[in-house]
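Here is a short dialogue on how to read a structure. A learner asks, and a teacher replies.

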Amino acid sequence: MEAKMTKLNNNIIFDPTLPGEKIESGHLHPLTLVMRDLEKVFKSMGFMILEGPELESDYYNFEALNIPKTHPARDMQDTFYIDGHPDLVMRTQTSNMQVRAMEKYGAPLRCAVIGATYRNEATDMSHEHSFHQIEGLMVDEKISLANLKAVLEEMLSGIYQQDVRVRIRPGYFPFVEPGLEVDMSCTFCKGKGCSVCKKTGWVEMLGAGLVHPNVLKHGGIDPKKYQGFAFGTGIERLTMLKYGINDIRLFHSGDLHFLKQF
């Protein structure tokens with residue numbers, strides 16, 4: 001077939017019979033996919049979705065959460081402080097929104113906070129200096145650990161699209177009392193035991209507990225009338241388990257061979 005040449009402006013020659021170049025469309029990052037799934041799950045339970053500042057005051061990031069300047073719990077979080085501004089930090093946790101939310105909305109309150117957090121950590125397969133968290137907070141009358149367990153089971157079952165069981169163990173976090181470590185039944189072996197769960201049938205997932213009375217007071221809420229629960233977990237961790245990813249550094253690597261799988 002004889003080519004049909006078309007003359008465009010500026011004497012550019014265009015052949016309309018040549019096959020066009022395929023323009024590839026982009027797609028969402030795996031972390032974004034899981035964040036959107038989390039938003040859907042919590043909205044279905046009547047939770048507000050909040051974000052909040054990533055550059056945060058020492059007060060909301062630590063002191064309002066029952067972690068004063070002399071508290072040893074600060075050593076658990078290697079913090080990025082801002083030169084010339086000793087009272088400003090890059091938030092180490094999405095828990096910084098707990099007191100902000102209580103101050104703005106009061107009680108009763110149901111909210112989930114999703115966003116980036118920062119810690120001065122050496123990077124390896126399971127640690128990054130920049131990562132994402134989801135924080136859940138519920139404040140109302142007669143809140144108990146049963147409410148917390150039910151919400152966590154709904155969240156994890158929604159993310160992994162299967163029935164997930166939750167177990168709780170004692171743990172320490174300064175802004176909750178009692179504090180809990182939360183495990184979920186292994187989604188790979190259905191609790192029978194495999195290499196992912198180290199043959200136990202359970203995978204450690206997050207920290208949680210009932211909101212400490214001091215935190216409620218900082219939020220302007222009467223701890224004698226209201227109780228609450230809070231929990232937090234890394235979104236990278238949720239995503240790695242969902243898609244079978246074994247290295248957290250892949251999320252920010254920009255490797256198209258990795259990203260095109262999603």
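The turns below go from the whole chain to single residues.

Q: What kind of model is this?
A: It is a predicted model. Every value below is computed from it.

Q: How many helices and strands does the chain have?
A: Start with the secondary structure. This chain has seven helices and twelve strands.

Q: How do I read the radius of gyration of the chain?
A: Set it beside the value for a compact globule. For 262 residues that value would be near 18 Å, but the chain has 23 Å. Then look at the box. Along the principal axes, the C-alpha atoms fill roughly 85 × 55 × 35 Å.

Q: What share of the residues count as buried?
A: Buried means under 20% relative accessible area. By that cut-off, 45% of the 262 residues are buried. Now take the surface. The chain exposes about 14,400 Å². Carbon and sulfur atoms supply 52% of that area.

Q: Which share of the contacts joins residues 24 or more positions apart?
A: Take the contacts with a separation of 6 or more. Residues 24 or more positions apart account for 65% of them.

Q: How far apart are the mean positions of the positive and negative charges?
A: Count each sign, then compare the mean positions. There are 29 positive and 33 negative charges, and their mean positions lie 6 Å apart.

Q: How many aromatic pairs does the search find?
A: Seven in the whole structure. Read each by its ring centres and the angle between planes. The centres of the Y59 and Y60 rings are 5.0 Å apart and the planes meet at 75°, so this pair is edge-to-face, since planes over 60 degrees apart count that way. F251 and F258 also form an edge-to-face pair, with 6.2 Å from centre to centre and 75° between the planes.

Q: Are these rings buried or exposed?
A: Check each residue. Y59 is partly exposed, at 31% relative accessible area. Y60 is buried, at 15%. F251 and F258 are both buried.

Q: Which rings link into a cluster?
A: F42, F47, F229 and F231 do, through ring pairs.

Q: Where is T94 found?
A: Place a residue by the elements around it. T94 is in the loop between β6 (85–90) and α3 (97–105). T94 counts as buried because its relative accessibility is 0%.

Q: Which residues is T94 in contact with?
A: Leave aside its neighbours within four places in sequence. T94 then contacts V113, G115, T117, Q133, I134 and E135. For a distance, take D183: T94 and D183 are 89 residues apart in sequence, and their C-alpha atoms are 20 Å apart in space.

Terms used: Residues numbered from 1 in each chain as written. Predicted model: local features only at pLDDT ≥ 70, side-chain atom pairs only at ≥ 80, totals over all residues. Heavy atoms only, no water. Helix = DSSP H or I, 4+ residues; strand = E, 2+ residues; numbered from the N terminus. Rg over C-alpha atoms; globule rule 2.2 N^0.38 Å. Buried < 20%, exposed > 50% of the residue type's maximum accessible area, 1.4 Å probe, protein only. Contact = heavy atoms within 4.5 Å. Areas by Shrake-Rupley, 256 points an atom, 1.4 Å probe, with all protein chains shown as cover. Lys, Arg positive; Asp, Glu negative; His and termini not counted. Charge placed at Lys NZ, Arg CZ, Asp CG, Glu CD. Phe/Tyr/Trp six-rings, centres within 6.5 Å; stacked < 30°, edge-to-face > 60°.
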